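Dear colleague,

Please find below the structure that I am handing over to you. My findings follow after it.

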Amino acid sequence: MLRLDECVIANGDFVLRANLEVADASCVAIIGPSGAGKSTLLEAIAGFRNVKGGRIFWDGEDLTKRPPGKRPVASLFQDNNLFPHLSAEQNVSLGIRPNGRVSKDERALVASALGRVGLLGMGTRKPFELSGGQQSRVALARVLVQQRDLLLLDEPFAALGPALKAEMLDLVAQLISGTNKTLLMISHDPQDARRITNKSILVADGIAHPPEPTEHLLNNPPTSLRDYLG
Amino acid sequence: MAERAQPISPLPGVGAATLVAALVLGTLAAVALRADSGGMFAFSDWAALRFTLTQAVLSSVISAGLAIPTARALARRRFFGRQVLIALLGAPFVLPVIVAILGILQVFGRAGWISEALGFFGLPAIRVYGLHGVVLAHVFFNLPLATRLLLQGWQEIPAEQFRLAAQLNCKGMAMFRLLEWPMLKRVLPSVLAVVFAICLTSFAVALTLGGGPRATTIELAIYQAFTYDFNLGRAALLSTVQLALTAAAALVALRFTRKEGFRTGLDRAIRRWDGGSPAIDTFWISATAAFLLLPLSSVVISGVVGLLELPTQVFKAAVISVAVAVASTSILLFLALPMAAAVAVGRHSFVELIGILGLAASPLVIGTGLFILIRPFVNPTAVALPVTALVNAVMALPFALRILVPAAQETVTRYSRLALSLDMKGHVFFASVLLPRMRAQIGFAAGLAMALSMGDLGVIALFADAQVATLPLQIYRLMGAYQIQAAAGGALLLLMLSMGSFWVLDRGGRWHVET
């Protein structure tokens, strides 16, 4: 279980407060107006941004001071999710070992992860030889081998176009279903939120609210969200 | 911005910067202590100071002034050979000074092509020695550099902005004011400052084209105090003056090169919709090309004959030059890479300041200091070559950092989050992200260092005795002995070696680079 205990997250002059819990194995959308602090919230959870006050717990363990690489967190960013000079295989291998030097068994693991995202036999290709959708799949394969319990998506599929984006979200849902992973994803599109999440965190007016059922939130939006959804 | 974790430690870079600082400041301290006994600043020294400033101001203003129309023309024209011409614009920077001077003499000299053409019309020959010769040579070297820096400025204007301007129907002056003038205001001061700083430390040009009481730079005066009078005190005094001068110029250069957050525009070739006059652009492009190509072709043509019957001492000097250049390049990378990484991960103004110190300290000043420091222990001529390699590396450092730092910063900005989330840190990040991502820039910097060191005629002239010589020094000696054919052959060999090694390293760096 992820718990943000009275967290105060600063980004320049902007301050976001969060006091909430996210249950294990849940799929949670983060929705709210632009500039409300959705990315700031994810950055704090991933450890890229120090919190000014409060603490972050994972299963009772205090993560607040841990560096990003030592948290149970795998992230997909808006862009730059792959190293362009490394092949698909090498990029995925980094999820197992930061220096990319994997054993034979681990190589098999990498190959099977690539297979699960539908890139069988494309391991030697470099990112520029892959389409946008395929690049996202490589990043997802790396997330799979990382075996972190918390998956954070900061709109990694935003540039892909509606059909492909839906396809990728379905793939994410399929890959984490039956595991104990928790998904937090920023969403600008209510359809995406409805598609794969059951709970949603509303970020508005400097506050990240505790998760509530996505349908309920979207059907009865508070003023700040209603203005945004239109 | 809140403090963020970084994937790489700045400490090795700070260490490297400290080494450089110790070398530069240590030699300066030695110089300053020695200068106390140097006596008064003579009348001829004031003349040298005045000449140094005059030629540097003239050179930088003329270079930058001519570079503006040329860069603008290159930025908005597509023509066959454009890539080659732009590559060629990089050439004078890595061109051995002695080779260019030979070419300039062959074209502009008393017996050169232009003087002969003038004589055909009954006009007097041009005089290339003295102030105009020095400025001519400096413009030859720095006009291309200024053009490239400005062209880069033009190309950094995102293509989208040109589209937007075209849509708003901006043309001519309006376009210039909207997009180009703000860029020039940002880039031009740094171009002027860089060229000025380079010309301040001019030694080889002044040695060959200047000289005499009315055309002596301070660098040359240091050399003369050394070699003619062996007056270390006076050399040290002059070095102190030179140091104050270059430090001031470097500070100005540093002030003008404040970085802005880089704006990203997609990397397409700039297409522009405002016409401009093709005739004017054609004129500037061909005039610049001719100005650069004539002296170079002249060296090549005259060198081919000499190349066939080179004296063995020239080959020996060539081998020495290659060895010195390889050593110098290795030292440079060993220093510059950690320093670039340190600058990229934080606001390490100490490292940046030390990086620019190479501009502030002239080779002859460091050479003088090292000479003073070393002499009690070993015979300075015995370590002439290692000292040359070291000083060349420190001299190349500011340029290498200018190339490496932006690439390092971009790599860190783009990939530090990903790397941190994968727990890639320290040498792993350095070796498997930073180095591969910066390969093109590393190749470029290494090629530059190699060529600069290969063609350097500076500190070696202080330290070497008659037994040992690098290739540029050997060519200078041949010129002095009026063995013009052998000098031209040696110059062609030097040209091929330095351009060849630059090309190989630069190409090697860009080979199969993925975007």
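How many residues lie between β4(A) and β5(A) in the hairpin that they form? There are two residues between these strands, and A:Asp59 in the turn has a positive phi of about 50°. Please note that this is a predicted model.

The strands of this hairpin are antiparallel and are joined by two bridges, with β5 covering residues 61–62 of chain A. Across the hairpin, A:Trp58 stands opposite A:Glu61 in β5(A). Strand β4 (residues 51–58) also pairs with strand β1 (residues 2–11) of chain A, again in the antiparallel sense, over six bridges. Within that pairing, A:Val8 has A:Gly53 of β4(A) as its bridge partner.

In chain B, I examined helix α15 (residues 363–374). Its end C-alpha atoms are 16 Å apart, which agrees with the 16 Å expected for twelve residues at 1.5 Å a residue. Eleven of the twelve residues are buried, so α15(B) is largely enclosed by the rest of the structure. Among the buried residues are B:Pro363, B:Gly367, B:Phe371 and B:Ile374.

The loop between α15 and α16 (384–421) of chain B contains B:Pro376. This proline is exposed, with a relative accessible area of 61%. B:Pro376 lies 43 residues from B:Leu333 in sequence, and their C-alpha atoms are 31 Å apart in space.

Finally, as to the cysteines, the count of disulfides over all chains is zero, with a cut-off of 2.5 Å between sulfur atoms. A:Cys27 is buried, at a relative accessible area of 14%, and B:Cys199 is buried as well, at 1%.

With kind regards

Definitions and conventions. Residues are numbered from 1 along each chain as its sequence is written. Chains are lettered from A and ligands numbered from 1 in the order in which they are written. This is a predicted model: local features need pLDDT of at least 70, side-chain atom pairs count only at pLDDT 80 or more; totals for chains, interfaces and linings use all residues. Side-chain values use heavy atoms; hydrogens and water are left out. Buried means under 20% relative accessible area, exposed over 50%, partly exposed in between (1.4 Å probe, protein chains only). Helices (H or I, at least four residues) and strands (E, at least two) are DSSP runs, numbered from the N terminus. The expected span of a helix is 1.5 Å times one less than its number of residues. Two strands pair if DSSP finds at least two bridges between them.
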